[in-house]
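This report walks through a single protein chain, beginning with a pair of helices and going on to a sheet and a pocket. Please keep the sequence and the structure in view while reading.

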Amino acid sequence: MTLTASQKRHETRLEYNAALPGCPARQLLEAISSKWVSLVMLALSEGQQRHSELRRQIPGASQKMLTSTLRSLERDGLVSRTVTPTVPARTDYELTTLGHSLLCVIHEMKDWAEANMDEVAHSRLEHHHGRFTAGA
């Protein structure tokens with residue numbers, strides 16, 4: 001039986017295994033799991049913004065890191081960039097439909113982190129304390 005291109009893509013998708021190094025799903029997970037990706041997407045959840053607005057909302061993000069993150073998000077279809085030919089040129093970024101579909105996962109991760117940070121901090125402290133008392 002000959003498969004159509006759509007059927008071949010569907011079968012290939014069923015074979016994805018993110019644990020394997022060459023898997024496209026793994027590569028995508030690596031791309032979207034950066035803290036900068038999460039922070040940029042959360043900032044863009046409030047709507048279209050300029051580079052300078054994003055830098056103000058994300059303390060610690062260098063211009064280079066923010067630019068690199070925005071480019072990778074644009075490349076992956078999660079963010080769109082609109083350049084308005086003014087002097088100076090105005091560049092705005094916003095989430096695409098695909099970006100909005102990932103945003104719900106990022107919000108859940110953020111909510112989980114905020115809800116569980118105290119417990120994680122306590123565990124880290126116990127782990128740290130245990131390492132130094134065991135070696136004494």
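## Helix packing, sheet and pocket

In this predicted model, helix H3, which covers residues 35-44, packs with helix H5, residues 63-75, at an angle of about 80 degrees, and the axes of the two helices are 10 Å apart. Angles of 65 to 115 degrees count as roughly perpendicular, and therefore H3 is described as roughly perpendicular to H5. On the H3 side the contact is made by Trp36, Val37, Val40, Met41 and Leu44, and on the H5 side by Met65, Leu66, Thr69, Leu70 and Leu73. Sorted by class, the residues of this contact between H3 and H5 are nine nonpolar and one polar, with no charged residue taking part.

The sheet comes next. Three strands form an open sheet in the order E1-E3-E2, and their pairing is antiparallel. Strand E1 (49-50) and strand E2 (79-84) are the edge strands, each with a single partner strand, so one side of each is left without a neighbour in the sheet. Strands of a sheet pair through backbone hydrogen bonds, in either a parallel or an antiparallel manner. Here E2 pairs with strand E3, residues 90-95, in the antiparallel sense over six bridges, while the antiparallel pairing of E1 with E3 runs over two bridges. The table lists some of the bridge partners found in E3.

| Residue | Bridge partner in E3 |
|---|---|
| Gln49 | Tyr93 |
| Val79 | Leu95 |
| Arg81 | Tyr93 |
| Thr82 | Asp92 |

Tyr93 in E3 thus appears twice in these pairs, standing opposite Arg81 and also serving as the bridge partner of Gln49. E2 and E3 form a hairpin, with five residues between the two strands. The loop between E2 and E3 contains Pro88, and the peptide bond that leads from Val87 to Pro88 is cis, with omega near -5 degrees.

How does the sheet relate to the helix described at the outset, and at what angle does H3 run to E3? H3 lies across E1, E2 and E3, and its direction is at about 95 degrees to that of E3. H3 is therefore a partner both of H5, to which it is roughly perpendicular, and of the three strands that it lies across.

H3 also takes part in the largest pocket, which holds about 160 Å³ of space. The lining of this pocket consists of Ser33, Ser34, Lys35, Ser38, Leu39, Leu42, Ile106, Met109 and Lys110. H3 and helix H6 (97-134) each supply at least two of the lining residues, and the largest share, four residues, comes from H3. By class, the lining divides into four nonpolar, three polar and two charged residues, whereas the contact of H3 with H5 has nine nonpolar, one polar and no charged residues.

Key. Residues are numbered from 1 along each chain as its sequence is written. This is a predicted model: local features need pLDDT of at least 70, side-chain atom pairs count only at pLDDT 80 or more; totals for chains, interfaces and linings use all residues. Side-chain values use heavy atoms; hydrogens and water are left out. Axes are lines fitted to C-alpha atoms, for helices over the stretch in contact, and angles run from 0 to 180 degrees between N-to-C directions. Angles under 35 degrees count as roughly parallel, over 145 as roughly antiparallel, 65 to 115 as roughly perpendicular and the rest as oblique. Contact means heavy atoms within 4.5 Å. Ala, Val, Leu, Ile, Met, Phe, Trp, Tyr, Cys and Pro count as nonpolar, Asp, Glu, Lys and Arg as charged, and the others, Gly among them, as polar. Two strands pair if DSSP finds at least two bridges between them. On a 1 Å grid over the protein atoms alone, a cavity is a set of points where a 1.4 Å probe fits but cannot get out, and a pocket is an open set with protein on both sides within 12 Å along at least five of seven lines; lining residues have an atom within 4 Å of a point. Grid points are joined across faces, edges and corners, and a volume is the space filled by probe spheres set on the points.
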